[in-house]
Amino acid sequence: MGIDFSLFHSNQLSVETWKDIFKNVQENVSVYIDNEEINKKYKNDTSIVFKIDDLSDKVNASAIIINEFCYEIRIGRRLIQLLREYSWKVIDQHPAPFQHVKRDKDNQEELHNAADALLYFWIDYILFHEWSHIILGHCDHIASKNESLFEEFQYEENNADTNNDRDIERISMEYEADKFGSRFAIGRLSVIWEKWADSFYGKRDVSLVLVDYLLSFHYLFDLLENTANENKARKTHPDPMDRVFVFKTSLLEQIEGSDSFPTINEDTANVILSLASIAYWNESGKDNEWILESNNKAFENINGYVECLDEMELESFRLMKA
Ligand SMILES: [Zn+2]
């Protein structure tokens with residue numbers, strides 16, 4: 001297909017790539033996470049620092065309690081490498097996202113812009129997802145159960161913290177981090193989409209942006225699920241269909257509830273996004289009956305997560321004022 005992989009056949013990402021990634025994430029941290037407005041909302045004086053974890057050989061991201069009210073978000077180097085490679089693969093092998101980009105060997109620059117778009121959608125989202133674990137009190141909740149509240153405690157994406165096969169509390173917290181993380185990520189998209197649409201699609205058509213944005217998370221959630229299965233990790237996250245469902249709901253809420261995406265109404269968006277989802281699942285070999293069943297199951301699962309979270313009484317662990 002289109003991408004010339006000979007340019008990238010190396011396990012090492014270039015220094016420039018690392019610099020770009022780090023700069024992008026730092027900018028997001030300073031604009032969306034570490035700002036005066038947010039800092040005023042914490043119950044206590046709180047510090048959250050972002051780091052790329054160079055040393056770990058695990059494909060992972062984590063939220064860490066360093067000490068009281070002091071946290072770190074770490075995204076592992078190997079996770080970023082995996083996302084980088086996968087972003088090229090998606091653009092090269094899947095026609096669904098970024099249909100305006102011709103999959104042609106002579107079109108390297110556009111192909112790479114498309115792969116970069118995927119990469120940054122995903123990294124931004126992971127950042128906001130980890131941040132959500134921290135501010136929603138998930139780390140402190142588990143640390144308190146493990147009696148490790150006053151020492152460094154790491155909430156890892158790929159490790160379950162109990163011996164249960166399916167840890168419903170853990171999965172419910174993952175659901176909640178998805179819900180809030182998606183809101184923050186979409187909030188960021190809402191600020192940049194016009195500029196991005198102009199340069200990337202050559203026209204300010206919000207429906208193109210929304211479809212590609214939602215599609216990109218179908219690929220991400222499937223990748224993360226497959227990676228966890230390959231590593232035989234315990235079931236710690238909701239099913240990809242549940243995660244997509246949460247993401248789509250957040251998108252529709254943002255379209256309805258704010259002026260961020262002014263040129264599209266919620267009903268139109270719902271139809272366009274649902275069709276994109278169906279196309280994705282069909283491409284993955286699932287028929288419409290499976291899609292309908294999985295959607296119903298996602299709805300049921302999410303009700304279960306909400307119930308579980310209510311029972312967990314996380315309020316005292318939340319970092320933000322009510
Ligand atoms: Zn998580």
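These questions and answers walk through a predicted model, from its sheet to two of its helices.

Visitor: What is the order of the strands in the open sheet?
Guide: The sheet is open and has four strands. Their pairing is mixed. The order is 1-3-2-4.

Visitor: Which strands stand at the edges?
Guide: Look for strands with a single partner strand. Each such strand has one side left without a neighbour in the sheet, because it has just that single partner. The strands at the edges are strand 1 (47–53) and strand 4.

Visitor: In what sense do strand 2 and strand 3 pair, and over how many bridges?
Guide: Take one bridge as an example: Ile65 has Tyr71, in strand 3, as its partner. Strand 3 covers residues 70–76. The two strands pair in the antiparallel sense, over six bridges.

Visitor: Which strands does helix 5 touch as it packs on the sheet?
Guide: The direction of helix 5 makes about 120° with that of strand 4. Strand 4 is one of the two strands touched. The full answer is strand 2 and strand 4.

Visitor: How many residues of helix 5 are buried?
Guide: Helix 5 spans residues 138–145 and is mostly covered. Its cover includes strand 2, helix 4, strand 4 and helix 6 (168–200). Among the buried residues are His138, Cys139 and Asp140. The count is six of eight.

Visitor: How far does helix 4 reach from its first C-alpha to its last?
Guide: Helix 4 has 28 residues, and 20 of them are buried. At 1.5 Å a residue, 40 Å is expected. The model comes close to that, at 41 Å.

Visitor: Which residue just after helix 4 takes a positive phi?
Guide: Its phi is about 85°. The residue is Gly137.

Conventions: Residues are numbered from 1 along each chain as its sequence is written. This is a predicted model: local features need pLDDT of at least 70, side-chain atom pairs count only at pLDDT 80 or more; totals for chains, interfaces and linings use all residues. A residue is buried if 20 or more other C-beta atoms lie within 10 Å of its own, exposed if 12 or fewer, and partly exposed in between; C-beta atoms are placed from the backbone. Two residues are in contact if their C-beta atoms, placed from the backbone, lie within 7 Å. Two strands pair if DSSP finds at least two bridges between them. Axes are lines fitted to C-alpha atoms, for helices over the stretch in contact, and angles run from 0 to 180 degrees between N-to-C directions. The expected span of a helix is 1.5 Å times one less than its number of residues.
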